[in-house]
Amino acid sequence: MLLNFLLVVILFPSCYSIGAITTSQSLRDGNILVSQNGTFALGFFSPGNSKYKYVGIWYHKLPGQTVVWVANRNNPINDSSGVLSISSDGNLVLYDKNDRRFPLWSTSVSMERTEEYVAQLLDSGNLVLVRNESKKIVWQSFDHPTDTMLPGLKIGLNRKIGLDRLLTSWRSEDDPGTGDWSYKLNLNGYPQFFLYRGLKRIWRSSPWPWDPAPMPGYLPTSANNQDEIYYTFLLDDDFLLSRIVVKNSGVIQRLTWDNIASQWRVSRSEPKYMYGHCGAYSILNSNNLDSLECMCLPGYEPKSLKNWYLRDGSAGCVRKGEQTASMCRNEEGFVKVERVKIPDTSLAAVMNTSLSSTECEQLCLRNCSCKAYTSLDIERKGLGCLTWYGELMDTVEYTEGRDIYVRVDSVELAEITRRKGGFLKRKGMVVIPILSAALNLFLVILFAYFWGRKRKKRKVKKKWTKRLLSTVVGDEPLESRQPPDMPFFDPYIILAATNNFNPANELGQGGFGSVYKGMLSDGREIAVKRLSQSSGQGLEEFKNEVMLLTRLQHRNLVKLLGCCIEGDEQMLIYEYLPNKSMDYFIFDERRSVLDWRKRFDIIVGIARGISYLHHDSRLKIVHRDLKTSNVLLDADMNPKISDFGMARILNGDDIQDRTTRVVGTYGYMAPEYATFGKFSIKSDVFSFGAILLEIISGKKVNSYFPEDPSLNLIAYVWDLWREDRASDIIDSTLLTESCLLRPQVFRCIQIGLLCVQEDATDRPTVSTIVLMLNGEAALPYPKQPAFSSGRKCNCQNPSNSRAVNCSLNEVTITEVEAR
């Protein structure tokens, strides 16, 4: 610290801070104006390798110089002669002291000089010019942003004074001048924000109301009234520093400061795809990378099939077969397209907030130019109706998106109705004309042979699809009871891929059975999970895993490629993950390859995967069998949660459920679940806490501790925590790492103890845990954890007549059956 101070004194001998800029106190090069809490500073700076000087605002307490606003961005100073002062008319002006005739920059506000004016830097990073006595703000930098949006800064239009607040990029890292990229409000049709390069649209936000899924600590706010339309965001007091920046590379990013790593982390970045990547009347499918990126809206087909299958969908779609059926009062209708970022609203009608969904449909139906409609639920204002009258552009699949209704003609509407109404009936209608058109016996026999084989496979697939659906979706809404798009592998393909299940290809065993490595004919490596006849799991778990994993997609969940059913053989085919499971590394000498940063990344990845199951997927899913052996690692050691045979879906707003069949592994099961069969998302939180402590300690949750053989890992960590000896639990292979990482390790231990608290209501949600892991806000002190001091498993709870058969073997499952 002393050395740093001396360097500052040597390099900047005349640098000191001032409290405000007044008529008698100017800001000169080498001096800074610091906000009251010290977060921001205003002064002269030279970006990158530039020799020029600019006046700007930056984060004062952070290393480096993160500039958030520039005054004279297009009029730099050639030397260190700059002076920022209050002029005689009360404006804030910037001069080169060698030439005070023409200011390089000024606030340029017309005002009466009835009192003194003062410039101050607020704790929000907002530079304000105020009347000294009345404290009325006459000018503020938040009304004139450059490339950065800070909490509380509004972007949008002030209709009263015609002030358009927008973000514009720097020209380069060395030049903060106005660049080519801008992020601004577009009021054509219905309000939305666009990222532009010059005048070209590059990316589009969702239209107003801008109410994205809430993030803990992040509070988005928007308004649209006669005075103004804007978007802004605020942060909780304890939340990390965050900003939104338009980069000179053409991306707009939300960045959050990571105090541990002392760097900015990108929490969101756009665009992932350019505006118009998929042309008119198409949808961008950004979730499934194995399929075509662009899909046509109902009633439309690719305009250029050749380009379409070359994955170029920029030409978009046109009405199918150039149909001549009229879409104007000719029995046409609408088809629902779910969960999308709704199309570009530049050609959409102004919203009517007094129409119901049915009235909105009728309004669109009566106007022959109306292409689609949607109903928006506006907080405190009721339902609104939005209708489109031009091309439907830039529709994107979006988890938190809205539903739109696309107009189709009577022919397409009838076809979609038949498609939903009966699969076999349609196929029969195709087969009859083919058979009647057969001209000779050879063609009939040949056709019958191939048709028969296809029909047999279809029947098998339909039979098993029906059986799969019968178990899992019984309590789900009707619209979700659709067969999964699940490839069924031929058993001969699997036999060839695994070399007839050669023992040399066996990767391991679990409660389901054995897992084998295989290679398909196209070179893809796969993992085949084969149901053992002696397994404690059976068809129900098989069905459950298929039905859930076909509906889930997340980078921290294992990917199911398909299944194979032949007689009593039941197999699941997954992506192959070369690094096996977490327990293969963490409880062995191999754990030395996992330094703390990699372990922390694994912890965060597991948390994000569970958060997706609990909060972000279309279904609210409780895994019920989270443990280290069910966390797999890919080639880059990224975690992927597996084994969904025991998972259950919580309906609607349910927060917990109850079962008479308790499954899981001793040590990972929450007490309310193991004892009473009550499971909830907090049950998974308990399991995550146990895994977290295992990763930190390198010890199994049911480890033996010579100091007290009755303790398990959770109890052992709790005792050390209360004695301020938490460092004793840290894996010895981590002790050689930098002591700078210790606070993060201790923080993770505390989070682990918060997760395993005895009362489920005290445990944090996983979305909160993700913020805890990435933040530095003070954590609550953990309460008494739930743990059993004994290791005897056969016990009985007379209150509910449940036999509890706990297993200490992580391969087998734990079951509690009602008598």
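Biologist: Let's start with strand E21, is it mostly covered or mostly open?
Modeller: Mostly covered: in this predicted model, 7 of the 8 residues of strand E21, which spans 228-235, are buried.

Biologist: Which strands sit with E21 in the sheet, and in what order?
Modeller: The order is E15-E14-E21-E20, an open sheet of 4 strands with antiparallel pairing.

Biologist: And which strands stand at the edges?
Modeller: Strand E15 (163-165) and strand E20 (218-224) do. Each has a single partner strand, so one side of each is left without a neighbour in the sheet.

Biologist: How much twist is there from one strand to the next?
Modeller: The twist averages 20°.

Biologist: Nice. How many bridges join E20 to E21?
Modeller: There are 7 bridges, and the two strands run antiparallel. For a pair to look up in the viewer, take leucine 219, whose bridge partner in E21 is leucine 234.

Biologist: What links E20 to E21 along the chain?
Modeller: A hairpin does, through 3 residues.

Biologist: OK, now E14. How many bridges does E14 share with E21?
Modeller: E14 and E21 pair over 4 bridges, again in the antiparallel sense. There, glycine 156 has tyrosine 230 of E21 as its bridge partner.

Biologist: And how many bridges join E14 to E15?
Modeller: Strand E14, residues 155-158, is joined to E15 by 3 bridges, and they run antiparallel. Asparagine 158 is matched with leucine 163 of E15.

Biologist: Changing topic: what does UniProt say about Lys529?
Modeller: The record, an unreviewed entry, has a "binding site" annotation that covers Lys529. That annotation may be inferred rather than shown by experiment.

Biologist: Where does lysine 529 lie?
Modeller: In strand E36, which covers residues 525-531.

Biologist: Buried or exposed, that lysine 529?
Modeller: Buried. Lysine 529 has 10% relative accessibility, and buried means under 20%.

Biologist: Which residues is lysine 529 in contact with, leaving aside its neighbours within four places in sequence?
Modeller: There are aromatic names in the list, Phe512 and Tyr574, and acidic ones, Glu545 and Asp643. Lysine 529 is also in contact with Ser514, Val515, Gln570, Met571 and Leu572.

Biologist: Great, on to helix H13. Is that one mostly covered or mostly open?
Modeller: Mostly covered. Helix H13 runs over residues 713-722, and 8 of its 10 residues are buried.

Biologist: Which residues of H13 are buried?
Modeller: They are Leu713, Ile714, Ala715, Tyr716, Val717, Trp718, Leu720 and Trp721.

Biologist: What do the buried residues of H13 pack against?
Modeller: Two helices: H12 (681-697) and H14 (742-755).

Biologist: Which residue caps the N-terminal end of H13?
Modeller: Asparagine 712 does, with a side-chain oxygen that lies 3.3 Å from the backbone nitrogen of isoleucine 714.

Biologist: And what's going on just after H13?
Modeller: Aspartate 724 takes a positive phi there, of about 60°.

Biologist: Let's zoom out. How many helices and strands does the chain have?
Modeller: The secondary structure comes to 15 helices and 48 strands.

Biologist: How much of the chain is buried?
Modeller: Of its 819 residues, 49% count as buried. The accessible surface comes to about 39800 Å², and carbon and sulfur atoms account for 52% of that.

Biologist: Last one: what share of the contacts is between residues 24 or more positions apart?
Modeller: Among contacts in the chain with a separation of 6 or more, such residues account for 57%.

Methods: Residues numbered from 1 in each chain as written. Predicted model: local features only at pLDDT ≥ 70, side-chain atom pairs only at ≥ 80, totals over all residues. Heavy atoms only, no water. Pairing = 2+ DSSP bridges. Axes fitted to C-alpha atoms, helices over the stretch in contact; angles between N-to-C directions. Buried < 20%, exposed > 50% of the residue type's maximum accessible area, 1.4 Å probe, protein only. Contact = heavy atoms within 4.5 Å. Polar contact = N/O pair within 3.5 Å; in protein donor to acceptor, adjacent residues only side chain to side chain. Areas by Shrake-Rupley, 256 points an atom, 1.4 Å probe, with all protein chains shown as cover.
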